[in-house]
Amino acid sequence: MANGNPRRIVVVGGVAGGMSCAARARRLDEFAEIIVLERGEHVSFANCGLPYYVGGEITDPAKLLVQTPERLKAALNLDVRTGHNVVGLDPIAHEVVVETESGTERIAYDDLVLSPGASAARPPIEGLDSPRVRTLRTVDDALDLREAVDGGASRAVVLGAGFIGLEAAEAFAQQGIQTTLVEFAGQVLPPLDSENAWLVQQELARLGIDVQTGKAATAIEHGMDEDVVVLDDGTRVPADTIVLATGVRPDTQVFEEAGVICERGAIVVDEHGHTSLENVWAVGDATLSTDPVTGIRRPVALAGPANRAGRQVADAIIRPESARPIPQPLGTAIVRVGDLTAAMTGANRVALDASGIDYETIHLHPNQHAGYFPGAEQIHMSVHFCADDGLLLGAQAVGEDGVDRRIDVLATAIRSGMNVDDLIDLDLAYAPPYGQAKDAVNLAGMVGANVLDGTLKLWYPDQLEEALETALVLDTRSRAEYATGYVPNSLNIPHTELRERLDEVREAAAGKPVRILCQSGVRSAIAHRVLVQEGFDSSSLSGGMLSLRAFLGPQADSVLRTAIVEAD
Ligand SMILES: Cc1cc2nc3c(=O)[nH]c(=O)nc-3n(C[C@H](O)[C@H](O)[C@H](O)COP(=O)(O)OP(=O)(O)OC[C@H]3O[C@@H](n4cnc5c(N)ncnc54)[C@H](O)[C@@H]3O)c2cc1C
């Protein structure tokens, strides 16, 4: 731009955020010189599709390459340079230092956009340098893993049960490879609330995956035909293929050393993606975001926010007067595991507890579509909202069908600052194959509104022990349902008989509060309304036995009792 030359925009990183920025910049400014520097061999590749190539659902590796430098030149006149590793930044001279096969060069910029992404974290595990250990981040990684599968891999260990770890484990299991999934946290998919994670863990078990939670790999012993992964409880798992998926860290060392301000390795940016250095911008996995719900500062490694931020930074560079600020990502995410889908948006319980926000949680298990229409399946949902005004804070859902749509609606509601009771009023598409006249999201609004105005008082699975000590537990399911698993010392009165048997409840409660439960929380809510209007101190178990079982996880069978009864 100086001296009448066209503006030169240099982009570091040619995949999600970087390429989105470069393409938008060209659409806004036909005359800018736009150079994309990518250290790898490929640009614009489908990182998110890599696990599905390993799993054999995507069969043609060419499909992973969404664009090539040649096509980007032809369509957008972008100067895309692969094999260009940026190893230095000189903010005074406005230059980057680049290493290529043919040596080192300096490239000047008017504006520099950093989208270097994140690299796989490498925990201190002895023997991690085994050639059998691979990450799953690049096209080459996926090609290597596919080659291992085609070459007869028979035992795989996946370290880390986050999104990529789950997708890798699923990919192996689907091809008959004996797979062990190791996770240091006490549950798979740590961003999920534990009761939802348990549903995913059961699905992993159904796929034949051996899930080892609460354990860390301490060593990988190298062998001739296979390695042995040693866990901290002494378990030894043989493996011919090992995937390291224990998380990522922003790939920012070069830029931090050059003076770009970072926090725990993530680049600090303002609402337009500008860094601490003049004319230097950053987007994507390498940047720091502030959780809009809890205020926690952390990087968010998701493709949507990276792509959108890339576009918005191009706006900020080329037409700053009308550039939209980049909203802080809610971390809306989704993953498929076998027949299940798990999705989440906003804050989870752990984050809310840590932030000290006073919140309520509701659990629901509505069908994804009309119960009378074939194929009806439950969606297991939880929704968190502020205890005082009902402001939506987070939501999660797990189920076979319809999870994506509900979480997307809830993510939209959170983004637009809705309260839980506003969900009642959402006009959502309905016909029996797709939903219910009262959609799952509307129902969440109704239950939430009842909690907010005191019509419904809830108790929670983590209060079971206290309930057993201080209250009467009243189970309002049928006798046959009760027999399949009940809380010890609970009183079983089916909800249809409750009005006639109030004296029994009064006698058994003997002045103590009544903690009601049923299968999903619907019948117990009706029973609660009966009891509370009869003068009882009562509350209804959030999500019922379904949520209690999921919360208890592997302990459910030892906590609950079963009985043989005549069906009623
Ligand atoms: C296997 C896998 C599956 C995923 N699935 C999903 C999904 O389903 N949904 C979702 O939302 N997200 C998913 N993600 C995450 C998503 O891909 C990332 O959040 C997104 O790509 C981040 O974009 P980015 O531009 O910040 O970084 P990237 O897309 O990772 O691009 C960074 C690029 O910069 C290059 N680079 C780094 N440093 C330099 C340097 N110094 N010089 C030159 N080049 C450099 C790197 O080689 C890399 O190609 C997945 C990621 C992986 C790996």
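This report walks through the cores, the ligand site and three local spots of one structure. The model is a predicted one.

**The cores**

Start with the inside. The largest nonpolar core holds 43 residues. Leu166, Phe172, Val188, Val200 and Leu204 have the most contacts inside this core. Several elements give two or more residues to this core. Among them are helix 2 (50-54), helix 4 (139-150), helix 5 (163-174) and helix 6 (194-206). Strand 10 (155-159), strand 23 (333-337) and strand 24 (340-346) are also on that list. Helix 5 gives the most, with six residues.

Take leucine 204 as an example. Neighbours within four places in sequence are left aside here. Leucine 204 is then in contact with Leu166, Leu181, Val188, Ile209, Val211 and Val337. There is also a second, separate core, made of 35 residues. This second core includes Ile362, Cys386, Leu393 and Leu426.

**The ligand site**

Now turn to the ligand. It is surrounded by 28 residues. The closest are Gly17, Glu38, Ser115, Asp285 and Ala303. By type, the shell divides into 14 nonpolar, nine polar and five charged residues. The table gives three polar atom pairs between protein and ligand.

| Residue | Protein atom | Ligand atom | Distance |
|---|---|---|---|
| Glycine 17 | polar backbone atom | oxygen | 2.8 Å |
| Arginine 39 | polar backbone atom | nitrogen | 3.0 Å |
| Asparagine 47 | polar side-chain atom | oxygen | 3.4 Å |

How much of the ligand does the protein bury? Taken alone, the ligand exposes 990 Å², and the protein buries 89% of that. Four elements give two or more residues to the shell: helix 1 (16-28), strand 2 (33-38), strand 4 (85-90) and helix 8 (303-318). Helix 1 supplies the largest share, three residues.

**Two loop residues**

Serine 44 sits in the loop between strand 2 and helix 2. Is serine 44 buried or exposed? Serine 44 counts as buried because its relative accessibility is 13%, and the cut-off for buried is under 20%. Residues up to four places away in sequence are not counted among its contacts. Serine 44 touches Gly14, Val15 and Met19, and also Leu64, Leu65, Val66 and Gln67.

Tyrosine 372 lies in another loop, between strand 25 and strand 26 (379-386). Tyrosine 372 is exposed because its relative accessible area is 64%, and exposed means over 50%. Which residues does tyrosine 372 contact, leaving aside neighbours within four places in sequence? They are Tyr430 and Pro432. The side chains of tyrosine 372 and tyrosine 430 are joined by a polar contact of 3.3 Å. Proline 432 is 60 residues from tyrosine 372 along the chain. Their C-alpha atoms are separated by 8.1 Å.

**Helix 16**

The last stop is helix 16, residues 544-552. Its buried residues are Gly544, Met545, Ser547, Leu548, Ala550 and Leu552. What covers these buried residues includes helix 6, helix 12 (464-470) and helix 17 (556-559). The cover also includes strand 25 (359-364), strand 31 (514-517) and strand 32 (538-541). Helix 6 also gives two or more residues to the largest nonpolar core. Just after helix 16 comes glycine 553, with a positive phi of about 55°.

How values were computed:
Residues numbered from 1 in each chain as written. Predicted model: local features only at pLDDT ≥ 70, side-chain atom pairs only at ≥ 80, totals over all residues. Heavy atoms only, no water. Core = buried A, V, L, I, M, F, W, Y, C linked by side-chain atoms within 4.5 Å. Buried < 20%, exposed > 50% of the residue type's maximum accessible area, 1.4 Å probe, protein only. Contact = heavy atoms within 4.5 Å. Near = heavy atom within 4 Å. Polar contact = N/O pair within 3.5 Å; in protein donor to acceptor, adjacent residues only side chain to side chain. Areas by Shrake-Rupley, 256 points an atom, 1.4 Å probe, with all protein chains shown as cover. Nonpolar A, V, L, I, M, F, W, Y, C, P; charged D, E, K, R; others polar.
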